[in-house]
Amino acid sequence: MQRATEIKRAGEWAGAAVDTVFLSFDDRYRRRMRLCGVNGGAFLLGLAEATRLRDGDGLLVDGGGIVAV
């Protein structure tokens, strides 16, 4: 399973995202959790510390792809 360990803030990344995740308000402040994208791709969020994810942020996954939030 792929892992996302870095956040690219909205405006810091460009191009097409490999997938998109929709998160509820309560799920946006996280450090670790399993996420599933709208295209069916699953990955693990594994950040160094709990961070608020915002609309337009990108999660850098293994292999260099970006999953849009």
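Leu53 touches Ile7, Arg9, Leu23, Arg28, Leu45, Leu59 and Val69, leaving aside residues up to four places away in sequence. This residue sits in the loop between S4 and S5. The structure is a predicted model. Its chain has 6 strands and 0 helices, and the points below go from the whole chain to single residues.

**Overall build**

- Read from the N terminus, the elements of the chain follow the order β-β-β-β-β-β.
- The radius of gyration of the chain is 11 Å, close to the 11 Å that the globule rule gives for 69 residues, so the chain is as compact as a globular protein of that length.
- Along the principal axes, the C-alpha atoms of the chain fill a box of roughly 25 × 25 × 20 Å.
- Take the contacts in the chain between residues at least 6 apart in sequence: 54% of these join residues at least 24 apart.

**Surface and charge**

- Of the 69 residues of the chain, 33% count as buried.
- The chain exposes about 4200 Å², and carbon and sulfur atoms supply 48% of this area.
- The chain carries 10 positive and 9 negative charges, and the mean positions of these two groups are 5 Å apart.

**The largest nonpolar core**

- The largest nonpolar core holds 13 residues, and those that touch the most other members are Val21, Leu35, Phe43, Leu45, Leu53 and Leu59.
- Two or more residues of this core come from each of strand S1 (2-8), strand S4 (42-52) and strand S5 (58-61).
- S4 gives the largest share of the core, 3 residues.
- Val21, one of the core residues named above, touches Leu35, Cys36, Gly37, Phe43, Val67, Ala68 and Val69, with residues up to four places away in sequence not counted.

**Leu53**

- Leu53 counts as buried because its relative accessibility is 1%, under the 20% cut-off.
- Leu53 and Thr5 are 48 residues apart in sequence, and their C-alpha atoms are 13 Å apart in space.
- Among the residues that Leu53 touches are Leu45 and Leu59, and both of these are also among the core residues that touch the most other members.

**Leu45**

- Leu45 belongs to strand S4.
- With a relative accessible area of 3%, Leu45 is buried.
- Not counting residues up to four places away in sequence, Leu45 touches Ala4, Arg30, Arg31, Arg32, Met33, Leu35, Leu53 and Leu59.
- Leu45 and Arg3 are 42 residues apart in sequence, while the distance between their C-alpha atoms is 5.9 Å.

**Thr51**

- Thr51 is in strand S4.
- The relative accessible area of Thr51 is 18%, and buried means under 20%, so Thr51 counts as buried.
- The partners that Thr51 touches are Ile7, Arg9, Arg28, Tyr29 and Arg30, again leaving out residues up to four places away in sequence.
- Thr51 and Arg31 are 20 residues apart along the chain, and 6.3 Å separates their C-alpha atoms.
- Ile7, Arg9 and Arg28 appear among the contacts of Thr51 and also among those of Leu53.

How values were computed
Residues are numbered from 1 along each chain as its sequence is written. This is a predicted model: local features need pLDDT of at least 70, side-chain atom pairs count only at pLDDT 80 or more; totals for chains, interfaces and linings use all residues. Side-chain values use heavy atoms; hydrogens and water are left out. Helices (H or I, at least four residues) and strands (E, at least two) are DSSP runs, numbered from the N terminus. The radius of gyration is taken over C-alpha atoms; the globule rule is 2.2 Å times the number of residues to the power 0.38. Buried means under 20% relative accessible area, exposed over 50%, partly exposed in between (1.4 Å probe, protein chains only). Contact means heavy atoms within 4.5 Å. Accessible areas come from the Shrake-Rupley method with a 1.4 Å probe; for residues, only the protein chains shown count as cover. Lys and Arg count as positive and Asp and Glu as negative; His and the chain ends are not counted. The place of a charge is taken as NZ of Lys, CZ of Arg, CG of Asp or CD of Glu. A nonpolar core is a set of buried Ala, Val, Leu, Ile, Met, Phe, Trp, Tyr and Cys residues joined through side-chain atoms within 4.5 Å.
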